[in-house]
Amino acid sequence: MAGPTHPVWTGQGWADLPVAASGGEAVVVPNVAAAVFNAADPDSIVLQRRDKPGEAVFGRLEIPGGRWRGGETPEEAVIREVAEAAGLDVVAIDREIAHVRPEGPIDISVVRPVAVVVGAGGAYPALQILFRCVAAGVPRPLPGETSDTRWWSVGDVRQAL
């Protein structure tokens, strides 16, 4: 599904990177991301560092997240991504999701978290559907993807900005 290169905003500048394409046009793939708060200490949040060599965002702090797979509900996508990316069990999702079932086999989910678009000025904006979650467990990195995955106090995060 890799396509031509397009200017992508990295947070520090523009880089020409390969992106998914269909019919010659860049495809925006929805992603889920989660601000994950600690069930044992609600004043801490999990953050991790990108650790994939060659990525434009290598070394930057981020919240857990990744691609939303076809066939998943919003809940399933965010629970899976938090488990894969940080090794945590989501115990609560702060969101408003209405499941609508019109006549026929179509299932529609209306989600009311926050949608964040990064790189909107480029040919390949990244669409992040952001959830606020509460999770339990000890965070762990995803080898080859992330490092330094841990609970951060909200105060420390504010100082780091």
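**Salt bridges, strands and cores in a predicted model**

Good morning. The structure holds nine salt bridges. Please keep in mind throughout that this is a predicted model. I shall begin with the charged pairs, move to the strands around β5, and finish with the nonpolar cores.

Consider first the pair formed by E62 and R50, whose closest N and O atoms are 3.3 Å apart. E62 belongs to strand β6 and R50 to strand β5, so this salt bridge ties together parts that are twelve residues apart in sequence. The two partners differ in their surroundings: R50 is buried at 12% relative accessibility, whereas E62, at 22%, is partly exposed. The cut-off for buried is under 20% relative accessible area.

A further group of charged residues involves helix α1. Which residues are linked there in a network of salt bridges? They are R69, E72, R80, E81 and E84. Within this network, R80 pairs with E72, with the closest N and O atoms 2.5 Å apart. R80 also meets E84 in a salt bridge, at 3.2 Å from N to O. E84 and R80 are four residues apart in helix α1, so about one helical turn separates them. Is R80 buried or exposed? R80 is buried, with a relative accessible area of 13%, and E72 is buried as well. E84, in contrast, is partly exposed at 29% relative accessibility. As a general remark, side chains of opposite charge can pair when their charged atoms come close.

Let me stay with the helix for a moment. Helix α1 covers residues 74-86, which makes 13 residues, and spans 18 Å from its first C-alpha to its last, close to the 18 Å expected at 1.5 Å a residue. Its buried residues are P74, E75, A77, V78, R80, E81, V82, A85 and A86. The list therefore contains charged residues, R80 and E81 among them, alongside nonpolar ones such as V78 and V82. Just after the helix, G87 adopts a positive phi of about 70°.

I turn now to strand β5, residues 44-50. Six of its seven residues are buried, so the strand is largely enclosed by the rest of the structure. What does β5 pair with? One partner is strand β13, residues 146-153, which runs antiparallel to β5 and is joined to it by six bridges. In this pairing, L47 stands opposite R150 of β13. Another partner is strand β6, residues 61-62, which pairs with β5 in the antiparallel sense over two bridges. Here Q48 stands opposite E62, and E62 is also the salt-bridge partner of R50.

T149 lies in strand β13 and is buried, with a relative accessible area of 9%. Beyond its neighbours within four places in sequence, T149 is in contact with V46, L47 and Q48, and also with A86, P139, R140 and P141.

The last topic is the nonpolar interior. The largest nonpolar core has 16 residues, and the members that touch the most others are V36, V78, V82, L88, F131 and C133. Which elements give two or more residues to this core? They are β4 (30-38), α1, β8 (89-94) and β12. A second, separate core of five residues includes A35, I45, L47 and W152. In soluble globular proteins, nonpolar side chains tend to be buried together.

C133 deserves a closer look. This residue is found in strand β12, residues 126-136, and is buried at 0% relative accessibility. Its contacts, leaving aside neighbours within four places in sequence, are A34, A35, V36, F37, V78, V90, A92 and I93. C133 also lies 5.8 Å from D94, C-alpha to C-alpha, although 39 residues separate the two in sequence.

Q128 is another residue of strand β12, and at 22% relative accessibility it is partly exposed. Its C-alpha atom is separated by 5.5 Å from that of V32, which is 96 residues away along the chain. Apart from neighbours within four places in sequence, Q128 is in contact with N31, V32, A33, V114, A115 and V116.

To close, I return to two points. R80 is buried and takes part in the network with R69, E72, E81 and E84. C133 is likewise buried, and is among the residues that touch the most other members of the largest nonpolar core. Thank you for your attention.

Conventions. Residues numbered from 1 in each chain as written. Predicted model: local features only at pLDDT ≥ 70, side-chain atom pairs only at ≥ 80, totals over all residues. Heavy atoms only, no water. Buried < 20%, exposed > 50% of the residue type's maximum accessible area, 1.4 Å probe, protein only. Pairing = 2+ DSSP bridges. Expected span 1.5 Å × (residues − 1). Contact = heavy atoms within 4.5 Å. Core = buried A, V, L, I, M, F, W, Y, C linked by side-chain atoms within 4.5 Å. Salt bridge = Lys/Arg side-chain N within 4 Å of Asp/Glu carboxyl O.
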